[in-house]
Amino acid sequence: AALSPTPSGWSTSKPFCSWTNVICDKSSATVTSINLDSQSVSGSLPSEITQLSNLKTLSLQKNKLSGPLPSFANMSKL
């Protein structure tokens, strides 16, 4: 909800592991990669992203994001 427009292929009616540009570890069903590069999204990065403890890659370049970045201090795999 913090991003506008909602990235293409993302829908709360589908499991997040099936969303476009989201990669999950199949054994644990946890998000390991999000690629929103050049998706023309704006808004702010939600603080809930820090709950993705298995996130290894996060690609956000070439968008119109603003606001403070959440602390990635506890995201040791990122």
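**Exercise 1. Is Ser 33 buried or exposed, and why does it count that way?**

Before we start, a word on the model: it is predicted, so local features need pLDDT of at least 70 and side-chain atom pairs count only at pLDDT 80 or more, while totals for chains, interfaces and linings use all residues. Residues are numbered from 1 along each chain as its sequence is written, and side-chain values use heavy atoms, with hydrogens and water left out.

*Step 1.* Recall the scale: buried means under 20% relative accessible area, exposed over 50%, and partly exposed in between (1.4 Å probe, protein chains only).

*Step 2.* Ser 33 has 14% relative accessibility, so Ser 33 counts as buried.

*Step 3.* Now place Ser 33 in the chain: it lies in strand 3, residues 30-35. Strands (E, at least two residues) are DSSP runs, numbered from the N terminus.

*Step 4.* Look around Ser 33. Leaving out residues up to four places away in sequence, it touches Asn 21, Val 22, Ile 23, Leu 55 and Thr 57; contact means heavy atoms within 4.5 Å.

**Exercise 2. Describe the disulfide and its two cysteines.**

*Step 1.* A disulfide is a pair of cysteine sulfur atoms within 2.5 Å. The structure holds one, and it joins Cys 17 to Cys 24 with an S to S distance of 2.1 Å.

*Step 2.* The torsion about the S-S bond of Cys 17 and Cys 24 is about -95°, so this disulfide is left-handed.

*Step 3.* Check both ends. Cys 17 is partly exposed, at a relative accessible area of 33%, whereas Cys 24 counts as buried, at 16%.

**Exercise 3. Find the edges of the open sheet.**

*Step 1.* Three strands form this sheet in the order 1-4-6, with mixed pairing. Two strands pair if DSSP finds at least two bridges between them.

*Step 2.* Strand 1 (3-4) and strand 6 (64-65) each have a single partner strand, so they stand at the edges, and one side of each has no neighbour in the sheet.

*Step 3.* Zoom in on one pair: strand 1 and strand 4 (residues 42-43) are antiparallel, over two bridges. Ser 4 has Ser 42 of strand 4 as its bridge partner.

**Exercise 4. Explore the largest nonpolar core.**

*Step 1.* A nonpolar core is a set of buried Ala, Val, Leu, Ile, Met, Phe, Trp, Tyr and Cys residues joined through side-chain atoms within 4.5 Å.

*Step 2.* The largest one has twelve residues, among them Trp 10, Trp 19, Cys 24, Ile 49 and Met 75. Strand 2 (22-25) and strand 3 each supply at least two residues of this core.

Key
Helices (H or I, at least four residues) and strands (E, at least two) are DSSP runs, numbered from the N terminus.
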